[in-house]
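Me: I would like a close look at one part of this structure, namely the strands in the later portion of one chain and how they are arranged into sheets. Please take it slowly and connect the pieces.

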Amino acid sequence: MSLVLDNISHTVNGESFLSNINLTLESGSFNVLLGRTLAGKTTLMRLIAGLDKSTEGKVILHGKDLTDVKIQERNVSMVYQQFVNYPNLTVRENIASPLRIAKVKGSEIAKRVQETAAILQIEPFLDRFPLELSGGQQQRTSMARALVKDASIILFDEPLVNLDYKLREELRSELRGLFKERNAIAIYATTEPHEAMALGGNTTLLHEGRVIQSGAATHIYRHPDTMEAASLYSEPTINLIKGRVTDSGVSLENRVHFAMRAELEGLPNGDYMFGVLPSHIGLAPNNDDDLELNMTVELAEISGSETYMHVHNAHFELIIQLNGIHDYHTEVPVKVYLPTHKLFVFDLTGKTIQVPSSIQKGAS
Amino acid sequence: MDYSMRKKLGLALYIVFLFIPIYWLVIMSFKGTEEILGGLTLWPHDFTFDNYHTIFTDSTWYMGYVNSMIYVSMNMAITLVVALPAAYAFSRYRFIGDTHLFFWLLSNRMAPPAVFLLPFFQLYSSVGLFDTHIAVALAHCLFTVPLAVWILEGFMSGVPREVDETAYIDGYSFPKFFLRIFLPMIRSGIGVTAFFCFMFSWVELLFARTLTSVDAKPIAAIMTRTVGAAGIDWGLLAAAGVLTIIPGVLVIWFVRNHVAKGFALGRV
């Protein structure tokens, strides 16, 4: 029992939105589509829901081709980024509407509406109208409507984007729980690697209409197939530095040299791209072989309890992720320490050659 | 006097000024012809209901109101039935020439009604529609349908497309969605549209008079016939005028909030 996307391509007015998507999503699984805006997440969801028809390829659910099945008969539900409810119906009737249209018995409807509302904690608002509720409650209402019917596929298109930070975390942690006992295929689109990681499950990286990598959330983090996957799956984005391996050692941007080390042994001489995670760079040396670089602070932004510092010098531009809150004035010189034993190595076509052992083992 | 007091006084004077003709019409309707022609009186000295009595008892008078109401209701119904699907298509689908067609609809309003008078008269005479209520209603549709499509399209475009999609995903078929979800969402728009149809059709004189003779004669046309052997019956005419205003006042009272919303949407 599964949802198979068979070689799906979608082109509108000569512009390609999706190309050659092949995915298999199992029943009872929680799937995250991660990608930036314009990656094709929404397009893919609309194709699965039947709101649009793909120019090529098939959507196959439980062995049945859905291509010519109408939306009404696909048994999917969907939650949008905007809070979409029927403003002229009460919250109770909003939630009940898919059941009413499916001609479920009245007593059964009342029971299921009550249950779903209880899970999403909107019981006190059942007799109000959606526009009288806060954004979070409105979104809960539309989630309840999506969950109340036993849909085989439940689509979430960035449902938490328009909510405030605290509410987002709260709903996110509830979401996984909602799917524990269900046998539905949940698909959740997000632009944030953090969110994908927090939700776990199967993650598919989408970029410009292509699948970059697909697999368990932690697997992609530990074993990105390509430079693209590594940079899409890191937040803040992984620092990429051009480098060259020669007999005498490694040089970065032809400026900074360090001796060949055990981790990088075995790399043939040649040009590479090296990647280093922002969280691995520090302002104090951690290790004897850290590379000291003199940089200038460009910007220090505080995100939650972390500080993202953008530094640059004539040859490098780096982002550093620091724990805690730090105030730095711009244009201040700083020394940063790049750990040479925690480098990702990519070849020039973007294929991953090596991932630092500390990441592979699970510690970041 | 402070600023807000002066503002209120100015507004009050303006409203009084606006109401002078209506006041004059109302007091005239309670006067006899001698008093009206006799000299300036600011209120009826010789108060009489005779004028109203004549209108409510003489079938040539009151049938004018009935006829007007019949074709106005017909026009509102036809306009909404035709304009709702059209406006939905314009707001939701892209098709070849949609913007041109939309503009062309509106450009119908730019032609002077008199231009269409002769063709309508000739056409209706030859197909036997002359002097029927439906004739006037259909002729008025030429003007009300484009306006209705224009207004409704504005309201419909205010409803996010996601609502349509959510309804389909929930399992609604198109007709069910349209009647049970969509129409209630744009009921202000429907109210405003019906109001504008009413306003047009109720006061329109040229078509209504030309396309009817006896059976469907509207009140506005009857009012032009008060010139008798004894001259013009001013009091009767004034009473008929007052009665003509009343339905408009009632309709405006019911849709006043919706009209404000329509103005806010910029389509009225």
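Reply: What follows goes through the sheets of that part strand by strand and then turns briefly to the surroundings.

The model is a predicted one, and every figure below is computed from it. Chain A is divided into domain 1, covering residues 2-225, and domain 2, covering residues 239-356, and the C-alpha centres of domain 1 of chain A and domain 2 of chain A are 38 Å apart. The part in question is domain 2 of chain A, residues 239-356.

One sheet of chain A is open and has 6 strands, arranged in the order β13-β12-β11-β14-β19-β20 with antiparallel pairing. At its edges stand β13 and β20 of chain A, the latter made of residues 352-354, and because each has a single partner strand, one side of each is left without a neighbour in the sheet. From one strand to the next, the twist averages 35 degrees.

Starting from the middle of that order and moving towards β13(A), one meets two hairpins. Strand β11 of chain A, residues 239-246, pairs with strand β12 of chain A, residues 249-252, in the antiparallel sense over 4 bridges, and the hairpin that β11(A) and β12(A) form has 2 residues between the strands. Within this pairing, V245(A) has V250(A) of β12(A) as its bridge partner. Next, β12(A) pairs with strand β13 of chain A, residues 256-258, again in the antiparallel sense, over 3 bridges, and S251(A) stands opposite H257(A) of β13(A). The hairpin of β12(A) and β13(A) has 3 residues between its strands, and in its turn E253(A) has a positive phi of about 50 degrees.

At the other end of the order, strand β19 of chain A, residues 344-346, and β20(A) pair in the antiparallel sense over 2 bridges, with Q354(A) in β20(A) serving as the bridge partner of V345(A).

Another open sheet of chain A is formed by 4 strands in the order β17-β16-β15-β18, and here too the pairing is antiparallel. Its edges are β17 of chain A, residues 317-323, and β18 of chain A, residues 333-338; each has a single partner strand, so one side of each lacks a neighbour in the sheet. The twist in this sheet averages 50 degrees from one strand to the next. The partner of β18(A) is strand β15 of chain A, residues 291-303, and β15(A) and β18(A) pair in the antiparallel sense over 6 bridges, with T296(A) opposite P333(A) of β18(A).

For context, the unreviewed UniProt entry annotates residues 3-233 of chain A as "domain: ABC transporter", and over residues 3-233 of chain A the chain is 35% helix and 27% strand, with end C-alpha atoms 25 Å apart. One helix pair in chain A can be described in some detail: the axes of helix α2, residues 91-101, and helix α4, residues 135-148, come within 8 Å and cross at roughly 25 degrees. Since angles under 35 degrees count as roughly parallel, α2(A) and α4(A) are therefore roughly parallel to each other, and their crossing is right-handed. On the side of α2(A), the residues in contact include V91(A), I95(A) and L99(A), while those of α4(A) include T141(A), A144(A) and V148(A).

Definitions and conventions:
Residues are numbered from 1 along each chain as its sequence is written. Chains are lettered from A and ligands numbered from 1 in the order in which they are written. This is a predicted model: local features need pLDDT of at least 70, side-chain atom pairs count only at pLDDT 80 or more; totals for chains, interfaces and linings use all residues. Two strands pair if DSSP finds at least two bridges between them. Domain bounds come from an automatic or database domain assignment. Axes are lines fitted to C-alpha atoms, for helices over the stretch in contact, and angles run from 0 to 180 degrees between N-to-C directions. Angles under 35 degrees count as roughly parallel, over 145 as roughly antiparallel, 65 to 115 as roughly perpendicular and the rest as oblique. A crossing is left-handed if the near helix is turned anticlockwise from the far one by less than a right angle, and right-handed if clockwise. Two residues are in contact if their C-beta atoms, placed from the backbone, lie within 7 Å. UniProt positions are given in the numbering used here, feature names are shortened, and annotations may be inferred rather than shown by experiment.
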